[in-house]
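Below are some comments on the model, set out point by point. Please read them with the structure open.

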Amino acid sequence: MSASPSPYLAEESEFNLSEDVVTKITEMAAVFPQRNSALIPALHLIQDQFGWVPPPAIKQLAQLLKTTPNKIYGVLTFYTMFNLKPVGKYHIQVCRNVSCSLLGAKHIIEHLSKKLKIQPGETTKDNKFTLSLVECLGACGTAPVMMINDTYYENLDAKKVDGILKSLQ
Ligand code: FES
């Protein structure tokens, strides 16, 4: 009688890198003198596949780049652009750094929390929106600023936020 696979292994298999992603990472790694120079673009590819960077994918990536999961985590946790847990369909990242704070980021964050009924770090029950707070998004001249997925929204106020949320409903 064969043993059934453990739930942990079954769960891991859900996060196998696609053949396409493996091929792209392998090709990128071959271009650099040091394979792990392909780490950042490889993490983007993984996040594009899953919407976040799951631990089993990090193990596979470590093998492809001939490095260790711990070294990958060191890079992964430095950048706020990588998601360490699943996020909603729309990932709202609000800048809380100096320029944005001076121009009302706190108010924007409170308004989003109230509208979406979630706190920063949480996802709505329907998995539609995740609210995160991040450091400078590099658009200080048009503060306050937030990103939703790959799109910037600048010069925010409550009314503008309402319009943006409405357009995504
Ligand atoms: S401080 Fe918010 S974008 Fe720079």
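1. The count of salt bridges comes to four. The model is a predicted one, and three of the pairs are described in the next points.

2. Within helix α2, D20 and K24 form a salt bridge, with 3.2 Å between the closest N and O atoms. The two residues are four apart in the helix, about one turn. D20 is partly exposed at 45% relative accessibility, and K24 is likewise partly exposed, at 37%.

3. Helix α7 has a pair with similar spacing: K106 and E110 meet in a salt bridge at 3.3 Å, N to O. They too are separated by about one helical turn, because they lie four residues apart in α7. K106 counts as exposed, with 60% relative accessibility, while E110 is partly exposed at 44%.

4. Which parts of the chain does the pair K115 and D162 tie together? K115 is in helix α7 and D162 in helix α8, so the link joins parts 47 residues apart in sequence. The closest N and O atoms of this salt bridge are 3.7 Å apart. Both ends are partly exposed: K115 has a relative accessible area of 46%, and D162 has 28%.

5. Helix α7 itself covers residues 105–116 and spans 16 Å from first to last C-alpha, close to the 16 Å expected at 1.5 Å a residue. Its buried residues are A105, I108, I109, H111, L112, S113 and L116. The elements covering them include strands β1, β2 and β3 as well as helices α6 and α8. K117 follows the helix and has a positive phi, near 60°.

6. The largest nonpolar core holds 23 residues, and those with the most contacts inside it are L17, I25, L43, I46 and L61. Helices α2, α3, α4 and α5 each supply at least two of the core residues. Beyond its neighbours within four places in sequence, L17 has contacts that include V22, I25, I46, F50, L61 and L64. The polar residues Q49 and Q60 are also among the contacts of L17.

7. A second core is separate and has 17 residues, including I92, L112, V161 and L165. One of these, L112, is also among the buried residues of α7.

8. On the surface, F78, Y79 and M81 make a nonpolar patch of about 310 Å². M81 sits in the loop between α5 and β1. With a relative accessible area of 35%, M81 is partly exposed.

Key. Residues numbered from 1 in each chain as written. Predicted model: local features only at pLDDT ≥ 70, side-chain atom pairs only at ≥ 80, totals over all residues. Heavy atoms only, no water. Expected span 1.5 Å × (residues − 1). Buried < 20%, exposed > 50% of the residue type's maximum accessible area, 1.4 Å probe, protein only. Contact = heavy atoms within 4.5 Å. Core = buried A, V, L, I, M, F, W, Y, C linked by side-chain atoms within 4.5 Å. Patch = residues over 30% accessible without salt bridge, like charges linked within 9 Å, V, L, I, M, F, W, Y side chains within 5 Å. Areas by Shrake-Rupley, 256 points an atom, 1.4 Å probe, with all protein chains shown as cover. Salt bridge = Lys/Arg side-chain N within 4 Å of Asp/Glu carboxyl O.
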